[in-house]
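Visitor: I should like a close look at a single part of this model, with the cut-offs behind each term. Please begin with the setting and then turn to the part itself.

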Amino acid sequence: MSILSDNDAFSNQSHPSVDLSSVVASLEPDQLIGAKQKHHCPRRSLTSTEKFLFWALRIYLVFMFGVVIYQVWTSVR
């Protein structure tokens with residue numbers, strides 16, 4: 001006879017109808033932190049093309065903030 005922990009017993013059962021969001025919502029804060037630390041996913045390393053794309057989007061966003069602020073400033077005057 002083997003003794004399974006709660007996590008092993010839960011992972012061995014197949015419950016396709018169980019909504020995982022409701023399970024996560026019912027966890028206490030310390031249980032949630034422990035679950036997140038157990039299943040930590042490291043940052044993904046990006047290719048140079050992806051890095052360029054994200055930096056271009058950041059620059060575009062800053063530029064558009066400037067355009068919107070200028071338009072609001074000129075319309076108020």
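Guide: The account below moves from the whole chain to a nonpolar surface patch and a salt bridge.

This is a predicted model, in which local features need pLDDT of at least 70 and side-chain atom pairs count only at pLDDT 80 or more, while totals for chains, interfaces and linings use all residues. Residues are numbered from 1 along each chain as its sequence is written, and side-chain values use heavy atoms, with hydrogens and water left out.

The chain holds four helices and zero strands, in the order α-α-α-α from the N terminus; helices (H or I, at least four residues) and strands (E, at least two) are DSSP runs, numbered from the N terminus. Of its 77 residues, 0% are buried; buried means under 20% relative accessible area, exposed over 50%, and partly exposed in between (1.4 Å probe, protein chains only).

The nonpolar patch on the surface consists of Leu 46, Leu 53, Phe 54 and Leu 57, which together have about 360 Å² of accessible area. Such patches take residues with over 30% relative accessible area and no salt bridge, nonpolar side chains (Val, Leu, Ile, Met, Phe, Trp, Tyr) being joined within 5 Å. Leu 53 belongs to helix α4, residues 48-76, and is partly exposed at 49% relative accessibility.

The chain has one salt bridge, that is, a side-chain nitrogen of Lys or Arg within 4 Å of a carboxyl oxygen of Asp or Glu. Glu 50 forms this bridge with Arg 44, the closest N and O atoms lying 3.3 Å apart. Glu 50 is partly exposed at 23% relative accessibility, whereas Arg 44 is exposed at 61%.

Definitions and conventions: Patch = residues over 30% accessible without salt bridge, like charges linked within 9 Å, V, L, I, M, F, W, Y side chains within 5 Å. Areas by Shrake-Rupley, 256 points an atom, 1.4 Å probe, with all protein chains shown as cover.
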